[in-house]
Amino acid sequence: MQPRIPRQSSREQGIHRADSDARLSAELAAVVAGARRRALRDGDHQIDTAHLLHSLLESDPESRAVFGDGPQIARLLGYLVQRSIGYGLRWQGTVEDSGAIPVIPAAEGWSPLAADALEYACERAGLRDADLACGIDLLAAIVADPESRAVEVLHRAGIESPEVLIWIEGRSGEYVGGTETGC
């Protein structure tokens with residue numbers, strides 16, 4: 001049986017083979033794998049930024065901490081869960097694309113915005129002189145594009161993405177919950 005979101009061949013370049021990319025921390029590679037499973041389970045043909053956001057919130061404590069423990073995170077997770085049974089159904093069969101770049105066939109399995117977000121997360125890690133991108137790098141990347149599905153979900157949950165990005169940038173290099181962020 002052919003998977004709905006095919007794995008790319010080892011010949012392909014760039015972030016489209018993100019789940020084995022040497023530039024991702026082990027934790028972020030697990031997030032990517034979780035997003036892939038979620039997309040398959042939801043019947044989506046591509047992993048998009050909302051899949052990545054959902055997987056980040058489930059797997060990465062630092063990214064989850066950005067949204068706190070109150071009703072805001074509960075509302076956000078509720079919208080992400082509803083995505084597969086409610087308003088997100090209109091996304092099925094469509095490509096998440098801001099129109100800023102052409103849709104590239106080699107990116108099959110990844111929406112253009114999700115692939116760009118993973119690439120930007122790796123670039124962001126490099127700007128911090130880190131070898132590996134981590135969850136907070138990816139969170140910053142997916143909230144940076146106002147056309148992403150993740151930003152739409154945030155907006156529906158009453159969270160403004162520019163505020164999230166400002167909070168992340170202001171916390172870079174600090175300690176969260178008494179432990180070094182590693183980012």
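D137 and R124 are where I'll start: their side chains form a salt bridge, at 2.5 Å from N to O. Keep in mind that this is a predicted model. The two residues come from distant parts of the chain, with D137 in helix α6, residues 135–144, and R124 in helix α5, residues 112–127. They are 13 residues apart.

Now, how buried or exposed are these two? D137 has a relative accessible area of 0%, so it is buried. R124 is at 6%, and because the cut-off for buried is under 20%, R124 counts as buried too.

Next, R124 again. Which other side chain meets R124 in a salt bridge? That is E169, at 3.3 Å, N to O. E169 sits in helix α8, residues 161–171, and R124 in helix α5, so this pair ties together parts of the chain that are 45 residues apart in sequence. E169 counts as partly exposed, with 40% relative accessibility.

Back to D137, this time with R128. The side chains of R128 and D137 also meet in a salt bridge, at 2.5 Å from N to O. R128 has 24% relative accessibility, so it counts as partly exposed.

Put those together. R124, R128, D137 and E169 belong to one network, joined by salt bridges that share partners. Within that network, R124 pairs with D137 and with E169, while D137 pairs with R124 and with R128. On accessibility, D137 and R124 are buried, whereas E169 and R128 are partly exposed.

Last, the overall count. How many salt bridges does a search of the whole structure find? Seven.

Technical notes. Residues are numbered from 1 along each chain as its sequence is written. This is a predicted model: local features need pLDDT of at least 70, side-chain atom pairs count only at pLDDT 80 or more; totals for chains, interfaces and linings use all residues. Side-chain values use heavy atoms; hydrogens and water are left out. A salt bridge is a side-chain nitrogen of Lys or Arg within 4 Å of a carboxyl oxygen of Asp or Glu. Helices (H or I, at least four residues) and strands (E, at least two) are DSSP runs, numbered from the N terminus. Buried means under 20% relative accessible area, exposed over 50%, partly exposed in between (1.4 Å probe, protein chains only).
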